[in-house]
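Hi everyone, thanks for making time for this. I'd like to walk you through a structure that is new to most of us, so let's bring it up on the screen.

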Amino acid sequence: MTKLEIKGDWNIIKGKLKQKWALLTDDDLQFIEGKSEELLGRIQKRTGESREAVEKALKESSDDCCCK
């Protein structure tokens, strides 16, 4: 995943990520466009998951709720 493209359904995605990793806070999941690398790093640090696992979870969460 080179670019994180999440828009209107971000609140749904945040909820799904917090269900998966209860240690995540709203502050951890504040998404500012252009800071996808920081977001991935924050989730990795908080959860101890690999980058690949975090990217997969983000993709699955966005695929489940976003119309394309």
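Let me start with a single residue, E38: at 39% relative accessibility, E38 counts as partly exposed. Its salt-bridge partner is R42, with the closest N and O atoms 3.5 Å apart. R42 is partly exposed too, at 33% relative accessibility. The two are 4 residues apart in helix α2, so about one helical turn separates them. And the story goes beyond this pair: salt bridges that share partners link D28, K35, E38, R42 and R46 into one network.

Before we go on, please keep in mind that this is a predicted model. The average pLDDT of the protein chain is 78, and 76% of the residues score at least 70. Of its elements, α2 has the highest mean pLDDT, 87, while α3 has the lowest, 83.

Back to the charges. How many salt bridges does the count come to? The count is 8. One of them pairs E37 with R51, and here the closest N and O atoms are 3.0 Å apart. E37 lies in helix α2 and R51 in helix α3, so this pair ties together parts that are 14 residues apart in sequence. E37 is partly exposed at 45% relative accessibility, and R51 is partly exposed at 27%. Another salt bridge joins the side chains of K18 and D26, at 2.6 Å from N to O. Both ends are again partly exposed, K18 with 29% relative accessibility and D26 with 43%.

Now let's look inside. Which residues make up the largest nonpolar core? There are 12 of them: W10, I13, L17, W21, L24, L29, L39, L40, I43, V54, A57 and L58. Helices α1 (10-20), α2 (36-47) and α3 (51-65) each supply at least two residues of this core. As a general point, nonpolar side chains in soluble globular proteins tend to be buried together. To zoom in on one core member, A57 touches L17, K20 and W21, leaving aside residues up to four places away in sequence.

Finally, have a look at α1. Its buried residues are W10, I13, K14 and L17. They sit on the same side of α1, because they cover an arc of only 100° around the axis. On the other side of α1 we find N11 and Q19, which are exposed.

That's my tour, and I'm happy to take questions.

Technical notes
Residues are numbered from 1 along each chain as its sequence is written. This is a predicted model: local features need pLDDT of at least 70, side-chain atom pairs count only at pLDDT 80 or more; totals for chains, interfaces and linings use all residues. Side-chain values use heavy atoms; hydrogens and water are left out. A nonpolar core is a set of buried Ala, Val, Leu, Ile, Met, Phe, Trp, Tyr and Cys residues joined through side-chain atoms within 4.5 Å. Buried means under 20% relative accessible area, exposed over 50%, partly exposed in between (1.4 Å probe, protein chains only). Contact means heavy atoms within 4.5 Å. pLDDT is the predictor's confidence in each residue, from 0 to 100. The arc is that of the directions from the helix axis to the C-beta atoms. A salt bridge is a side-chain nitrogen of Lys or Arg within 4 Å of a carboxyl oxygen of Asp or Glu.
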